[in-house]
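Hi there,

Here is the structure I promised to pass along. Have a look at it first, and then read on for what I found.

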Amino acid sequence: MNDADIAFPHLGIYIPSLPKGINIGGFTIAYYGIIIASAMVAGLMLARWQAKRSGQNPEIYMDYIIFGIIFSIIGARLYYVVFQWKDYKDNLLQIFNIRGGGMAIYGSVIGAVLTAIVYCRKKKYKFSLFADTAVLGLILGQIIGRYGNFMNREAFGGYTDSLFAMRLKTSQVSLSNVTEEMWDHAVVQNGVSYIQVHPTFLYESVWNLCVLILMVWRSKHKKFDGEIFLMYLVGYGIGRTWIEGLRTDQLQIGSTGIAVSQVLSALLAVGGIGYWIYRLMKEREDKKVRRDIQE
């Protein structure tokens, strides 16, 4: 099919028209915002479900969510601005123009985790238990939220002609994220130019879904509080390290050409594995000590 807004040609999937938002009374509501809001609600519902499942009070997570959302948005914006400072240093007011784009999921995660630490201290609640529960909602939110990137035609990877290759109209993407290789392989149909890219939104969403399934299963068999949170750090970290390397819109460390989120992902994965092994060994030793005392 020609003139499709988005297509997966090797899968035979063509989407003729896919607007980025809806207009109500002259005011445009972006699908991205609708999807992110839906992701937050779904994440909260899953966290509450897990709280009930593990014998906790679900209202603890309902009370947290207001603060969590506010500071996760602030964190997402600050993370982006810090590593894209050249775009804001001459016009500081643009930092507050969130509608102009520029949010980073890692900043959101950092903001949410720091808020949770403070919240748990105020409530005198065990952070490791809270993190094990809330992180299920976090990764579900990330799974759903990536489809906001799909609607915006952003966060895609480099050129590919693989089975899952995705075609986008060049007129609907940010040209700063289009590489020379994409231009070299651009497809023109009926005078309309298309690039063909890795659908990294899909890769990450599917990867995270697999991680979530493992986390939910493990939550019934975990050896210590905090283990599910560590599973998230390791699982998400490994997946994001790979997927970030495919993307063309990377936030980089200065002029080094090194993607900051790729480095952070690798560090979280390695650190998570190391601490996970340490905690499992400690639990085994503690169990042995308790058994020796009983004998």
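**Two helices side by side**

Let me start with a helix pair: Thr200, Tyr203, Glu204, Trp207, Asn208, Val211, Leu214, Met215 and Arg218 of helix 6 are in contact with Glu227, Ile228, Met231, Tyr232, Gly235, Tyr236, Ile238, Gly239, Arg240, Trp242 and Ile243 of helix 7. By class, the residues of this contact are 12 nonpolar, 4 polar and 4 charged. Please keep in mind that this is a predicted model.

Helix 6 covers residues 200–218 and helix 7 covers residues 227–244; their axes lie 10 Å apart, and the packing angle is about 160 degrees. Since an angle over 145 degrees counts as roughly antiparallel, helix 6 is therefore roughly antiparallel to helix 7. The two helices, 6 and 7, cross in a right-handed sense.

One residue to pick out here is Leu214, which sits in helix 6. Is Leu214 buried, partly exposed or exposed? With a relative accessibility of 48%, Leu214 counts as partly exposed. Its C-alpha atom is 8.6 Å from that of Met231, and the two residues are 17 apart along the chain.

**Helix 7 has another partner**

Helix 7 also packs with helix 4, at an angle of about 25 degrees and with the axes 7 Å apart. Angles under 35 degrees count as roughly parallel, so helix 4 and helix 7 are roughly parallel to each other. The crossing of helix 4 with helix 7 is left-handed.

Which residues meet there? From helix 4 come Ala131, Asp132, Val135, Leu136, Leu138, Ile139, Gln142 and Arg146, and from helix 7 come Glu227, Ile228, Phe229, Tyr232, Tyr236 and Arg240. This contact of helix 4 with helix 7 is made up of 9 nonpolar, 1 polar and 4 charged residues. Tyr232 is one of the helix 7 residues that meet helix 4, and Tyr232 is also among those that meet helix 6.

**The strands**

Now to the sheet. Five strands form an open sheet in the order 2-1-5-7-6, and their pairing is antiparallel. Strand 2 (13–15) and strand 6 (187–189) are at the edges; each has a single partner strand, so one side of each has no neighbour in the sheet. On average, neighbouring strands of this sheet are turned by 25 degrees against each other, direction ignored.

At one of those edges, strand 6 is joined by 3 bridges to strand 7 (residues 192–197), and the two run antiparallel. Gln189 has Val192 of strand 7 as its bridge partner.

Strand 3 (residues 21–24) and strand 4 (residues 27–30) make an antiparallel pair with 4 bridges. Across this pair, Gly21 faces Ala30 in strand 4. Strands 3 and 4 form a hairpin with 2 residues between them, and Gly25 in the turn has a positive phi of about 60 degrees.

**Some loop residues**

Most residues other than glycine have a negative phi. Two residues go against that here. Lys124 has a positive phi near 55 degrees, and Arg153 likewise has a positive phi near 55 degrees. Where do they sit along the chain? Lys124 lies in the loop between helix 3 (105–123) and helix 4 (127–152), and Arg153 lies in the loop between helix 4 and strand 5. Their surroundings contrast: Lys124 counts as exposed because its relative accessibility is 74%, while Arg153 is buried because its relative accessible area is 3%.

Asn177 is another loop residue, placed between strand 5 (166–169) and helix 5 (180–184). Buried means under 20%, so Asn177, at 17% relative accessibility, counts as buried. Leaving aside residues up to four places away in sequence, Asn177 touches Phe156, Met182, Thr248 and Asp249.

**The chain as a whole**

Stepping back, the chain has 8 helices and 7 strands. Of its 295 residues, 43% count as buried. The C-alpha atoms fill a box of roughly 80 × 40 × 40 Å along the principal axes. Among contacts with a separation of 6 or more, 72% are between residues 24 or more positions apart.

Happy browsing, and all the best!

Terms used
Residues numbered from 1 in each chain as written. Predicted model: local features only at pLDDT ≥ 70, side-chain atom pairs only at ≥ 80, totals over all residues. Heavy atoms only, no water. Pairing = 2+ DSSP bridges. Axes fitted to C-alpha atoms, helices over the stretch in contact; angles between N-to-C directions. Buried < 20%, exposed > 50% of the residue type's maximum accessible area, 1.4 Å probe, protein only. Contact = heavy atoms within 4.5 Å. Parallel < 35°, antiparallel > 145°, perpendicular 65-115°, else oblique. Left-handed = near helix turned anticlockwise from the far one by under 90°. Nonpolar A, V, L, I, M, F, W, Y, C, P; charged D, E, K, R; others polar.
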